[in-house]
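Notebook open, coffee poured. I want to go through this one place by place and jot down what I find.

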Amino acid sequence: MSWAERLATLAIWIAPPARREWAQAAHAELGDMPATRTLDFAVGGLFAAIGWRLGDPRTIALSARGLVVVGAGVWAVLLGRLALSLNADAPSFAIALTLLALGAASFSFLALRRGLGFIVICASLLTAPAAGYWLFAEQVWPSYRLLDFSRALSLEIAGLLLFAVLTAGVGLRVSRPKASPPS
């Protein structure tokens with residue numbers, strides 16, 4: 001198998017289902033071309049398939065969901081590590097961070113299972129309380145030694161949730177089929 005045939009086969013595999021027939025036809029054309037042009041033609045077809053895949057609504061929706069899921073999972077791991085390092089100094093705060101890490105991991109799992117609509121609804125509902133927590137914490141525990149840290153953490157949570165809402169919202173908007181104009 002030549003390099004041109006390998007690239008054309010890869011283009012068939014990468015192309016979204018709506019364009020796969022075109023990629024197969026381009027692969028079949030390789031046999032009718034002069035050998036000096038086949039590699040250029042196959043590279044062009046591969047780049048076209050990659051472009052179609054990147055613009056495919058399903059790919060965009062899966063990428064948006066994956067970005068939120070991976071981000072929430074990584075954040076859960078980082079919170080867990082922070083909780084372990086603070087365990088001796090501030091055990092109650094470490095427990096709160098552990099619960100927050102479990103919540104982030106649960107959100108990651110549910111976002112994976114439920115999809116972009118769940119991310120938009122759930123993260124939207126959680127953004128305001130997360131951002132408002134620093135006001136609440138200052139009123140309840142004004143002398144708490146980790147108050148600045150918990151305020152910064154609440155704003156970080158709000159920012160991450162807002163990022164999740166925006167990412168999922170863009171993914172939903174792009175992945176919905178466009179309505180055709182009435183004839």
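**Entry 1: a loop residue**

I started with A15, which sits in the loop between α1 and α2. This is a predicted model, so I keep that in mind throughout. Is A15 buried or exposed? Its relative accessibility is 0%, and the cut-off for buried is under 20%, so A15 counts as buried.

Next I looked up what A15 touches. Setting aside neighbours within four places in sequence, I get R20, A23, A49 and R53 as contacts of A15. I also checked a C-alpha distance: A15 to A48 comes out at 8.3 Å, with their positions 33 residues apart in sequence.

**Entry 2: the overall layout**

I stepped back for the whole chain. I count 7 helices and 0 strands in the protein, and the order along the sequence reads α-α-α-α-α-α-α. Of the 183 residues, 32% are buried.

I then looked at how far apart in sequence the contacting residues are. Among contacts with a separation of 6 or more, 69% join residues that are 24 or more positions apart.

**Entry 3: helix α3**

A49 turned up among the contacts of A15, and A49 is also one of the buried residues of α3, so α3 was my next stop. Helix α3 covers residues 35-55, which is 21 residues. From first C-alpha to last I get 31 Å, close to the 30 Å expected at 1.5 Å a residue.

Which residues of α3 are buried? I noted T38, A42, G45, L46 and A49. Viewed down the axis of α3, these buried residues fall within an arc of 105°, so they line one face of the helix. On the other side of α3, I find T36, D40, F47 and L54 exposed.

I also asked what covers the buried residues of α3. The cover includes α1 (3-14) and α2 (20-29).

At the end of the numbering for this helix I checked G55, which is found in α3. G55 has 47% relative accessibility and so counts as partly exposed. Its C-alpha lies 9.3 Å from that of P16, a residue 39 places away along the chain.

**Entry 4: the cavity**

I searched the whole structure for cavities of 30 Å³ or more and found 1. The volume of the largest cavity is about 60 Å³.

Which residues line the largest cavity? My list is A8, A11, W22, A23, A26, H27, L30, F41, A42 and G45. The elements giving two or more residues to this lining are α1, α2 and α3. The largest share, 4 residues, comes from α2. By type, I sorted the lining into 8 nonpolar and 2 polar residues, with no charged ones.

Some names come back here. A42 and G45 are in the lining and are among the buried residues of α3. A23 is in the lining as well, and A23 is one of the contacts of A15.

**Entry 5: helix α5 and what follows**

I moved along the chain to α5, residues 91-114. Its 24 residues should span 34 Å at 1.5 Å a residue, and I get 34 Å between the end C-alpha atoms, which agrees. The residues I marked as buried in α5 are F93, A94, L97, A101, A104, F107, S108 and A111.

Just after α5, I noticed that G115 takes a positive phi of about 100°.

**Entry 6: two residues of helix α6**

Helix α6 covers residues 116-140, and L116 is in it. L116 is at 6% relative accessibility, so it counts as buried. Not counting residues up to four places away in sequence, L116 touches A61, A64, R65, A168, G171 and L172. For R65 I looked up the backbone too: the C-alpha atoms of L116 and R65 are separated by 6.1 Å, and the two residues are 51 apart along the chain.

Also in α6 is I121. Is I121 buried or exposed? At 55% relative accessibility, I121 counts as exposed. I measured nothing at the bench here; the model puts the C-alpha atoms of I121 and A168 9.8 Å apart, with 47 residues of separation in sequence. A168 is the residue that I had already listed among the contacts of L116.

Technical notes. Residues numbered from 1 in each chain as written. Predicted model: local features only at pLDDT ≥ 70, side-chain atom pairs only at ≥ 80, totals over all residues. Heavy atoms only, no water. Expected span 1.5 Å × (residues − 1). Buried < 20%, exposed > 50% of the residue type's maximum accessible area, 1.4 Å probe, protein only. Arc of directions from axis to C-beta. Contact = heavy atoms within 4.5 Å. 1 Å grid on protein atoms, 1.4 Å probe; cavity = no way out; pocket = protein on both sides within 12 Å on 5 of 7 lines; lining within 4 Å. Points joined across faces, edges and corners; volume = space filled by probe spheres on them. Nonpolar A, V, L, I, M, F, W, Y, C, P; charged D, E, K, R; others polar.
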